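Got your viewer open? Load the model and follow along, one selection at a time.

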Amino acid sequence: MEDKRSLHLKVQEMCDCFAATDYFEEMKRVAAAGGDREEASLKWIALAVLHGINSDARKISISRSGDGAVKVRAKYGPAELPSPGPEVGGAVMDTVKEILHFGGGRKEKSPWAMGIRDGSVDLGVKVEREDGLETITLKFPK
C-alpha cells in the first residue's frame, strides 16, 4: 500500500518524533546511518528546524556545489552544523524544493508554516543558484 502523506506532513511528524532528542547529535548520525534517502532527508530537515528553533538561530543554510559536496551553516554566531553528506544532503535540498514547489529559477522564496506539536513556526525559505552552487536557507522568526 502506497503512503499518501505529503512530505510536509512527514517532516512535521519527524519534528514531533525527535522533539525530545539531542538534535545536533542526531544530525551527525543521519549521514552515517545510510538507508532510505528520503527518510533520512526528512529526518535531517526536522532536526535542522528543531535545532534552529531551540538555538535561536536566525538562519540555517545548506549548500551543494557542482561536484555534489554539501556544507551546512547556521547563523547565530560562527557555527557549522553536521553535514548530512552528499547523498542525503542532495535529497534534503530536493525535498525542500518539492515541498515548496520551487521550479528551477535562479532565486526563489516562499514562506513555510511548520506545525510542531501544539504550535507552529513560520519559516522563510530561499533558494539561490549561482555559479554551480545551490543554497537553500531556512530563516527563523525573531
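What follows is a short walk from one residue to the next. Keep in mind that you are looking at a predicted model.

**Stop 1: V127.** Start by selecting V127, which sits in strand β5, residues 119-130. Is V127 buried or exposed? Its relative accessible area is 0%, so it counts as buried. Show its surroundings: beyond the residues within four places in sequence, V127 is in contact with K97, F102, R106, K107, E108, E134, T135 and I136. Now draw a distance to L138, 11 residues along the chain; the two C-alpha atoms are 9.2 Å apart.

**Stop 2: E134 and K97.** Two of those contacts of V127 were K97 and E134, so select this pair next. E134 and K97 form a salt bridge, with the closest N and O atoms 2.8 Å apart. This one links distant parts of the chain: E134 is in strand β6 (residues 133-139) and K97 is in helix α4, 37 residues apart. Both partners are buried. Now add R64, D94, E108 and R129 to the selection: together with K97 and E134 they make one network, joined by salt bridges that share partners.

**Stop 3: D94 and R64.** Stay in that network and zoom in on D94 and R64, another salt bridge, whose closest N and O atoms are 3.6 Å apart. D94 belongs to helix α4 and R64 to strand β1 (residues 59-64), so the pair ties together parts 30 residues apart in sequence. D94 is partly exposed, at 34% relative accessibility, while R64 is buried at 19%.

**Stop 4: T95.** Step along to T95, in helix α4, residues 85-99. T95 is buried, with 6% relative accessibility. Leaving out residues up to four places away in sequence, T95 touches L7, S41, L42 and I45.

**Stop 5: K10 and E38.** Select K10 in helix α1 (residues 7-18) and E38 in helix α3 (residues 37-54), which are 28 residues apart. They form a salt bridge with closest N and O atoms 3.5 Å apart. K10 is buried at 14%, whereas E38 is partly exposed at 38%. How many salt bridges are there in total? The count comes to 14.

**Stop 6: the cysteines.** Finish with C15 and C17. Why is C17 not bonded to C15? Their sulfurs are 10 Å apart, too far for a bond, given that a disulfide needs the sulfurs within 2.5 Å. The disulfide count is zero. Colour by accessibility and compare: C15 is buried at 0%, but C17 is exposed at 54%.

How values were computed:
Residues are numbered from 1 along each chain as its sequence is written. This is a predicted model: local features need pLDDT of at least 70, side-chain atom pairs count only at pLDDT 80 or more; totals for chains, interfaces and linings use all residues. Side-chain values use heavy atoms; hydrogens and water are left out. Helices (H or I, at least four residues) and strands (E, at least two) are DSSP runs, numbered from the N terminus. Buried means under 20% relative accessible area, exposed over 50%, partly exposed in between (1.4 Å probe, protein chains only). Contact means heavy atoms within 4.5 Å. A salt bridge is a side-chain nitrogen of Lys or Arg within 4 Å of a carboxyl oxygen of Asp or Glu.
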